[in-house]
Amino acid sequence: MSGRDPFLRPRRDRAGAALTLVFAGVLVAGAATGSLPGSRPGSVPGERKSPSDTVRSASAASHEQVTRAAAEAMADGKSPMEAAERAVSRSGDRWGAVYSPGDYQEFQEALDGQYTGVGLWARRERDGRIDVTKVRTGSPAADAGIREGDRLRSVDGERTDGLPVTEVVSLLRGDADDAPAGTAVTLGLQRGARQWSQTLRRARLSTDSVTVRRLAGGATVIKISAFTKGAGDRVRTAVRSSPADRGVILDLRGNSGGLVTEAVTTASAFLDGGLVATYDVDGRQRALHAEPGGDTATPLVTLVDGGTMSAAELLTGALQDRGRAVVVGSRTFGKGSVQMPSRLPDGSVAELTVGHYRTPAGRAVDGRGITPDLPAGGDAVRRAETVLRGLGDPS
């Protein structure tokens, strides 16, 4: 479906999604689904913000039309989902989407920071071979003794050489069969001259969407790849344990969005209350506020690029407008429309665009993005360090 936001593609079309072998980077191309207040009666909890430069707001009537089309199809013995998809297409909502119950549950689980797999990161080398680049501690792959640098030759008898990494992901996760945790998968492996087969059982694993590292100069880099459940609290913990005089680099490059509530919690780590964003739902204005008590003194630089989307743009705009962070990098994606999910008669879920959000200063993000205070490319981290030194200079 051309209108489906690729934050987490359902299994039936995930082969093209840019995922690694452990769903690392979490949710790569990005929707911003959030637990925003004010869902319409009977709706699925949470609202979703999606990209749009030409999108128009979908009214309550559009929701009713989609629901009616699904109900009529069900009564006629036809597919309610197909009828709903046709109604969404006719509505003109470029980013409307319809999910099966299973697809939507899987989408929600991913937002909870979970996935089914064996715990491998990998990359495709120039000669087409697939090499393991990282093994998750405590995962089935780690328990089996698989190491970084091992070569993955096959999955369930299918050779992986020359395959795109996304296809290898699909094989490992068992996407074609909707394989649940506990199902077996046999890997063909090689380490040096040794070749062997290893049968693993897939498990429910947690993604790690927040990583923290310390630069040689003392600055703390907090990288958020997506706003999955708990990301905001992990950021707050990292900020509290960081040397205040060295500063923090909040790296949102490539951040595909996620739970809006987690983006607001992250904002609360750096703000002492106040406005984070406003948004409208069918013309009714609402606001998101940070919690009081955040760290407002530690020098802060936020890194962004064209892959910074949705909830990550909401956070960036708040920190920039409130004067809390210097934004470094390149213009963000420009994804600021709000979608509301509602349950259809057969249990599937339709999402239609109902409004847009704005930064605290009233700037619209949708189709425009956030312009950084200072441009930077490959030298973004080095430039951020330079900015931090200036911010921390008492003179």
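A crossing of two helices is right-handed if the near helix is turned clockwise from the far one by less than a right angle. Keep that in mind for the first stop. The model on screen is predicted.

**Stop 1: H6 and H7**

Select helix H6, residues 231-240. Add helix H7, residues 260-268. The crossing of this pair, H6 and H7, is right-handed. Their axes lie 7 Å apart and make an angle of about 15°. Angles under 35 degrees count as roughly parallel, so H6 and H7 are roughly parallel to each other.

Now show side chains at the contact. From H6, pick Ala231, Gly232, Asp233, Val235 and Arg236. From H7, pick Glu262, Thr265, Thr266 and Ser268. Colour them by class: the contact of H6 with H7 has two nonpolar, four polar and three charged residues.

**Stop 2: H7 and H8**

Keep H7 and add helix H8, residues 311-321. Here the axes are 9 Å apart, at an angle of about 25°. H7 and H8 are therefore roughly parallel to each other as well. H7 passes H8 in a right-handed crossing.

On the H7 side, select Val260, Ala263, Thr266 and Ala267. On the H8 side, select Ala311, Leu314 and Leu315. By class, the contact of H7 with H8 holds six nonpolar residues, one polar and no charged. Thr266 of H7 is worth a label: it is listed in the contact with H6 and also in the contact with H8.

**Stop 3: the start of H8**

Step back to Ser310. It sits in the loop between strand E17 (300-304) and helix H8. Check its backbone: phi is positive, about 55°, although Ser310 is not a glycine. Most residues other than glycine have a negative phi. Is Ser310 buried or exposed? Ser310 is buried, with 0% relative accessibility.

**Stop 4: Arg236 and its partners**

Return to H6 and centre on Arg236. Which side chains meet that of Arg236 in a salt bridge? One is Asp233, at 3.0 Å, N to O. Asp233 and Arg236 are three residues apart in H6, and so are separated by about one helical turn. In an α-helix, residues three or four places apart point the same way, because there are 3.6 residues a turn.

The other is Glu291, at 3.2 Å, N to O. This pair links distant parts of the chain: Glu291 is in the loop between strand E16 (284-290) and E17, 55 residues from Arg236.

Switch to a surface view. Arg236 counts as buried, at 17% relative accessibility. Asp233 is partly exposed, with a relative accessible area of 43%. Glu291 is also partly exposed, at 43%.

**Stop 5: Arg324 and Asp295**

Stay in the loop between E16 and E17 and select Asp295. Asp295 forms a salt bridge with Arg324, and the closest N and O atoms are 4.0 Å apart. Arg324 lies in the loop between H8 and strand E18 (326-329), so the pair ties together parts that are 29 residues apart in sequence. Arg324 is buried, with a relative accessible area of 10%. Asp295 is partly exposed, at 23%.

**Stop 6: Arg151, Arg159 and Asp161**

How many salt bridges does a search of the whole structure find? It finds 11. For a network, select Arg151, Arg159 and Asp161, which salt bridges link together.

Asp156 comes next. It is found in the loop between strand E7 (151-155) and strand E8 (158-159). Its phi is positive, about 50°, although Asp156 is not a glycine. Asp156 is partly exposed, with a relative accessible area of 44%. Compare Ser310, which has a positive phi too but counts as buried.

**Stop 7: H5 and its surroundings**

Finish at helix H5, residues 165-173. Its buried residues are Thr166, Val168, Val169, Ser170, Leu172 and Arg173. Show what they pack against: helix H3 (101-111), strand E4 (114-117), strand E6 (130-135), E7 and strand E9 (184-191). E7 is a familiar element here, since Asp156 lies in the loop between E7 and E8.

One last click: Gly174. This glycine follows H5, and its phi is positive, near 75°.

Terms used: Residues are numbered from 1 along each chain as its sequence is written. This is a predicted model: local features need pLDDT of at least 70, side-chain atom pairs count only at pLDDT 80 or more; totals for chains, interfaces and linings use all residues. Side-chain values use heavy atoms; hydrogens and water are left out. Helices (H or I, at least four residues) and strands (E, at least two) are DSSP runs, numbered from the N terminus. Buried means under 20% relative accessible area, exposed over 50%, partly exposed in between (1.4 Å probe, protein chains only). Axes are lines fitted to C-alpha atoms, for helices over the stretch in contact, and angles run from 0 to 180 degrees between N-to-C directions. Angles under 35 degrees count as roughly parallel, over 145 as roughly antiparallel, 65 to 115 as roughly perpendicular and the rest as oblique. Contact means heavy atoms within 4.5 Å. Ala, Val, Leu, Ile, Met, Phe, Trp, Tyr, Cys and Pro count as nonpolar, Asp, Glu, Lys and Arg as charged, and the others, Gly among them, as polar.
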